[in-house]
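Dear colleague,

Please find the structure we spoke about below, with the sequence alongside. My notes on what turned up in it follow directly after.

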Amino acid sequence: MRLLAGLGLAVLIGFIAWVGRGVLIPVVVAGFLSFLIFTLKETIKAGPLIGRILPNWLCYLLAFAFIVSLTIFLIEIIRGNVEALIAAAPSYEARLRDLTAAGVAWLERLGALPEDFVGGVDELRRTALGMINPLLSQIGSSARALTANSLTIFLYTVFMLLERGRIFRKIEKISGDEGQRQAVNETIADIAAMVRQYITVKTVINLITASGSYAILRLLGVDFPGFWALLIFVLNYIPIVGPIVANAFPVILALVQPEGGLRLALVTLFLLVGLEQTMSTLVEPRLVGRSLNLSPLMVLFSLAVWGSIWGFAGALLAVPITVTLMIILTQFRATRPIAILMSESGRIAEIKHGPLAAAAPASPSTAATE
């Protein structure tokens with residue numbers, strides 16, 4: 001019965017998230033932005049010289065101004081480059097058609113492509129090429145939607161920062177006794193620390209990766225290096241899938257641009273993938289370690305679920321949302337097995353003081369295994 005109730009609750013939450021995505025996505029994005037601003041504020045406050053004598057409100061103002069200025073700058077880069085890319089798309093598409101036609105003809109001459117498959121492969125090629133313009137149009141509309149939603153996210157972020165202290169005090173008042181209040185506070189602190197660490201480390205790693213990618217693309221002469229570097233910066237927030245997609249676009253452009261070709265595409269692929277692998281396998285684990293403790297299968301599953309519900313925004317936010325959910329599930333005895341399955345090592349945090357699931361006291365055997 002509990003399992004059915006849990007599945008029903010999960011389906012209901014997913015349905016509400018899908019129906020209310022127009023309202024919920026800006027709120028969740030603003031929440032993570034407020035995490036980032038708070039982290040930057042703490043960094044400024046702990047800084048040498050003037051940082052320690054600046055009042056809290058001024059540190060908040062400096063952090064907020066920096067994030068807003070950076071966001072506006074990135075939105076303008078996206079909008080300007082997408083329009084230029086759409087304008088240049090016909091020439092790239094024509095060259096891509098020529099290259100794919102030549103590739104199919106070459107395979108036919110070698111006899112590597114059976115005659116029965118020639119028609120199907122050619123039809124598949126035409127279908128794939130026909131998807132280019134709709135895809136570019138969708139990217140353009142997404143960029144315009146991002147600009148339209150930026151004001152809403154900005155307002156939500158401002159009010160979340162203003163309400164931050166009062167929200168925590170309200171949550172404390174909702175809690176019953178002192179033990180539960182302490183448990184709630186420690187759980188919120190764990191969530192805040194984990195999400196803040198993830199966002200901060202990923203932002204620094206992505207910024208270094210994007211800067212190196214920009215230098216590589218600029219040196220090799222690939223068109224729109226700033227736009228591709230920005231795309232790499234954003235998509236690298238999506239684990240596993242994001243870096244693959246981010247690196248594929250500039251490699252394809254290196255292949256089809258007028259002065260490009262197979263050699264330029266291969267060099268671009270080798271350098272971009274080498275940089276990304278160096279950062280993700282050598283640098284990032286040393287900074288974030290295994291503190292997220294999420295199973296790789298759970299990461300992929302969360303990407304699929306939140307991507308299907310909220311689209312691109314859901315894919316970006318999938319890992320922080322799933323980490324938050326796992327931390328909450330560890331504090332209820334009935335849901336701890338789910339948290340164990342979600343984790344990578346099977347080890348999860350102990351229940352805090354005054355367990356949130358006090359209604360179900362533990363048996364002696366359960367307590368011995370905890």
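**Cores, surface and one salt bridge**

Leaving aside residues up to four places away in sequence, tryptophan 310 touches Ala17, Trp18, Arg21, Leu24, Ile25, Val28, Leu317 and Ile321. Please keep in mind throughout that this is a predicted model.

Trp310 also belongs to the largest nonpolar core, which has 39 residues, and it is listed there with Phe32, Leu294 and Ile321 as the members that touch the most others. Helices H2, H3 (56-110), H6 (178-220), H7 (225-235), H10 (296-329) and H11 (336-342) each supply at least two residues of this core, and the largest share, 16 residues, comes from H10. Apart from it there is a second, separate core of 26 residues, whose members include Ile216, Tyr237, Leu253 and Val256.

Two of the residues just named, Leu253 and Val256, are also among the buried residues of helix H8, together with Gly242, Pro243, Ala246, Asn247, Pro250, Val251 and Ala254. As a check on the geometry of H8 (residues 241-256), its 16 residues should span 22 Å at 1.5 Å a residue, and the C-alpha atoms at its ends are 23 Å apart, which agrees.

Turning to the surface, there is a nonpolar patch of about 940 Å², made by Leu9, Leu12, Ile13, Phe15, Ile16, Trp18, Val19, Val23, Leu24 and Tyr156. The elements giving two or more residues to this patch are helix H1 (2-19) and helix H2 (21-45), and H1 gives the most, with 7 residues. Trp18 and Leu24 are thus both part of the patch and contacts of Trp310. Leucine 12, which is found in helix H1, has a relative accessible area of 46%; it is therefore partly exposed, since that value lies between the 20% and 50% limits, and it also passes the cut-off for patch members, which is over 30%.

Lastly, how many salt bridges are counted? The count comes to 1 salt bridge, formed by glutamate 42 with lysine 41, where the closest N and O atoms are 2.5 Å apart. The two partners sit in unlike surroundings, because lysine 41, at 4% relative accessibility, counts as buried, whereas glutamate 42, at 36%, counts as partly exposed.

With best wishes

Key. Residues are numbered from 1 along each chain as its sequence is written. This is a predicted model: local features need pLDDT of at least 70, side-chain atom pairs count only at pLDDT 80 or more; totals for chains, interfaces and linings use all residues. Side-chain values use heavy atoms; hydrogens and water are left out. Patches are made of residues with over 30% relative accessible area and no salt bridge: like charges are joined within 9 Å, nonpolar side chains (Val, Leu, Ile, Met, Phe, Trp, Tyr) within 5 Å. Accessible areas come from the Shrake-Rupley method with a 1.4 Å probe; for residues, only the protein chains shown count as cover. A salt bridge is a side-chain nitrogen of Lys or Arg within 4 Å of a carboxyl oxygen of Asp or Glu. Helices (H or I, at least four residues) and strands (E, at least two) are DSSP runs, numbered from the N terminus. Buried means under 20% relative accessible area, exposed over 50%, partly exposed in between (1.4 Å probe, protein chains only). The expected span of a helix is 1.5 Å times one less than its number of residues. A nonpolar core is a set of buried Ala, Val, Leu, Ile, Met, Phe, Trp, Tyr and Cys residues joined through side-chain atoms within 4.5 Å. Contact means heavy atoms within 4.5 Å.
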